[in-house]
Amino acid sequence: MGKNFDVIVVGGGVIGSLIARRLGRAGRSVLLLESGAMGEQSSGAAAGMLGAQLEIHEPGPLYRLGVESRSRFKQLSEALLDETGVDIELVNNGILRVAATPEEERELKASMQWQLEAGQRCEWLDGAGVAQLEPCLAPHHGGVLLPDDGNVLAPRLAQAAALAASRVAVVRADEAVSSVVKEGSHVLVRTIRDTYGASVVVVAAGAWSDEVLGTRGLFHARPVKGQMFSLRPKPGVRLQRTVYRHGAVYLVPKRDGSVVVGATMEPEAGYHREVTVGALQKLSTALGEVAPGLADAHFERAWTGLRPMVGTGQPIVGPLPEEPHIILATGHLRNGVLLAPCTAEAVASYVDGGAPGKDWAAFLPPEGYGVAAGSAV
Ligand SMILES: Cc1cc2nc3c(=O)[nH]c(=O)nc-3n(C[C@H](O)[C@H](O)[C@H](O)COP(=O)(O)OP(=O)(O)OC[C@H]3O[C@@H](n4cnc5c(N)ncnc54)[C@H](O)[C@@H]3O)c2cc1C
């Protein structure tokens with residue numbers, strides 16, 4: 001294997017893998033380096049919701065990018081199936097956000113207003129409508145159906161993206177990057193095994209992104225632990241679509257009939273991935289309140305993941321202000337699965353020396369993220 005590449009991508013989650021795939025398909029020579037197994041950090045742990053309308057609470061660039069990224073999944077799922085034989089199990093039947101109180105009902109109706117004005121579809125259902133749509137739920141004040149939000153099987157997406165990347169790029173798992181050093185017009189990437197050179201380095205190392213650059217604390221990249229479990233409803237009971245109740249729980253039915261129940265948000269838990277009894281108890285209690293019809297389902301398994309958070313919780317995508325050959329693509333927090341296709345496109349534009357659509361300007365690394373030339377960065 002040669003040691004010089006057009007682009008080196010650091011991190012083999014959905015973000016890094018889809019970037020490597022995108023650049024490799026465009027004819028770039030690409031090396032993708034992953035410290036552990038491909039896709040087994042946040043990406044493999046996600047619930048896989050494509051919640052552009054569910055998760056993004058105000059009109060603006062992130063909302064528009066979420067909607068755009070969501071619209072790419074049909075084509076992406078077909079392409080990945082074609083390239084790898086792996087089905088990411090795209091489900092396109094909407095997300096139902098339920099209201100437990102009259103106050104929540106008012107909030108949901110207000111959010112419907114701006115979403116309709118932004119050109120998106122959403123429909124209000126009263127309590128009877130919610131019960132008719134999903135009989136295993138508790139009585140609710142009503143809910144908003146977001147018919148265009150959906151979900152994928154996140155571990156499959158991570159697997160398919162990694163495989164697709166390996167078709168067009170050199171992929172090295174179990175090879176942690178230890179430093180990224182600028183030398184002239186090149187960037188040297190040192191790993192536990194070797195040193196590689198590239199014109200551009202893309203850092204997509206999730207919650208470890210500033211550690212990779214040796215700038216721990218500068219971006220304030222950190223993990224937000226999430227715990228979840230999956231269950232299998234008893235025969236004859238089926239949840240049709242994703243149900244979300246703010247502050248309580250979400251339930252994401254998968255194509256095989258299992259339901260993913262999530263998720264905690266634990267910004268103080270550090271880099272630990274243990275499942276805790278307290279989290280399972282909290283989620284189970286919320287499940288019983290929101291969907292008593294699933295309370296006697298069989299427990300399947302529980303797991304955790306570390307969502308990548310940077311700064312105040314918005315993604316950071318683009319070249320460092322003073323080091324344009326180092327491109328960051330991280331900080332996607334709760335929406336990295338949703339935003340992965342669009343992020344890959346944006347990074348490809350930056351690698352080409354251009355700029356993606358104007359909505360991405362809001363997510364450029366701010367001034368001060370640059371590092372001195374010639375130093376370990
Ligand atoms: C419980 C939970 C539920 C979620 N649900 C959803 C959801 O429903 N919808 C949604 O859109 N998003 C969801 N997310 C968020 C989503 O998982 C993330 O935003 C997304 O996976 C981030 O992808 P990534 O590639 O940036 O990070 P990661 O998947 O964490 O990948 C980063 C990779 O970098 C590697 N790395 C670290 N250090 C180095 C190094 N030194 N050298 C080389 N490689 C390195 C890591 O090993 C890792 O594989 C959820 C997350 C969790 C935890």
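**View 1. The shell of residues around the ligand in this predicted model.** The residues that make up the shell around the ligand divide into 20 nonpolar, 18 polar and 3 charged. In total 41 residues surround the ligand, and the closest are Gly13, Gly206, Gly226, Gly305 and Gly336. Two or more residues of the shell are given by each of helix H1 (14–25), helix H2 (42–45), strand S12 (222–232), strand S16 (298–309) and helix H11 (336–351). Both domain 1 (4–48 + 155–221 + 312–363) and domain 2 (92–148 + 222–309) contribute to this shell, with at least three residues drawn from each.

**View 2. The two domains and the contact between them.** The domain assignment of the protein chain gives domain 1, made of the stretches 4–48, 155–221 and 312–363, and domain 2, made of the stretches 92–148 and 222–309. Their C-alpha centres lie 30 Å apart, and the contact between them takes 18 residues from domain 1 and 17 residues from domain 2. On the side of domain 1 that touches domain 2, the residues divide into 6 nonpolar, 11 polar and 1 charged.

**View 3. An open sheet of 8 strands.** Followed from one edge to the other, the strands of this sheet come in the order S5-S6-S4-S13-S14-S15-S12-S16, and their pairing is mixed. Strand S5 (123–126) and S16 stand at the edges and have a single partner strand each, which means that one side of each is left without a neighbour in the sheet. On average, and with direction ignored, neighbouring strands of this sheet are turned by 20° against each other.

**View 4. Strands S4 and S13, with the helices that lie on the sheet.** Strand S4 (residues 95–99) pairs with strand S13 (residues 242–245) in the parallel sense over 3 bridges, and within this pairing arginine 97 has tyrosine 244 of S13 as its bridge partner. Helix H6 (residues 102–117) lies across S4, S5 and strand S6 (142–146), and runs at about 140° to S4. Helix H10 (residues 277–290) also packs on the sheet, where it touches S12, S13, strand S14 (249–253), strand S15 (259–262) and S16, and the direction of H10 makes about 75° with that of S14.

**View 5. The hairpin of S17 and S18.** Strand S17 (residues 316–320) is mostly covered, for 5 of its 5 residues are buried. S17 and strand S18 (residues 323–330) run antiparallel and are joined by 5 bridges, and one pair of bridge partners is valine 317 with alanine 329 in S18. The hairpin that these two strands form has 2 residues between them.

**View 6. The surroundings of valine 9.** Valine 9, which is found in strand S1 (residues 4–10), is buried, because 35 other C-beta atoms lie within 10 Å and 20 or more are needed for a residue to count as buried. When residues up to four places away in sequence are not counted, valine 9 touches Gly16, Ile19, Ala20, Val30, Leu32, Val202 and Ala204. Lysine 254, by contrast, is 245 residues apart from valine 9 in sequence and 31 Å apart from it in space, C-alpha to C-alpha.

**View 7. Helix H4 and what covers its buried residues.** In helix H4 (residues 61–71), the buried residues are Leu62, Tyr63, Leu65, Gly66, Val67, Ser69 and Arg70. The elements that cover these residues include strand S3 (49–50), helix H3 (52–55), helix H5 (73–84) and H11.

Methods. Residues numbered from 1 in each chain as written. Predicted model: local features only at pLDDT ≥ 70, side-chain atom pairs only at ≥ 80, totals over all residues. Near = placed C-beta within 6 Å. Helix = DSSP H or I, 4+ residues; strand = E, 2+ residues; numbered from the N terminus. Nonpolar A, V, L, I, M, F, W, Y, C, P; charged D, E, K, R; others polar. Domains from an automatic or database assignment. Pairing = 2+ DSSP bridges. Axes fitted to C-alpha atoms, helices over the stretch in contact; angles between N-to-C directions. Contact = placed C-beta atoms within 7 Å. Buried ≥ 20, exposed ≤ 12 C-beta atoms within 10 Å, placed from the backbone.
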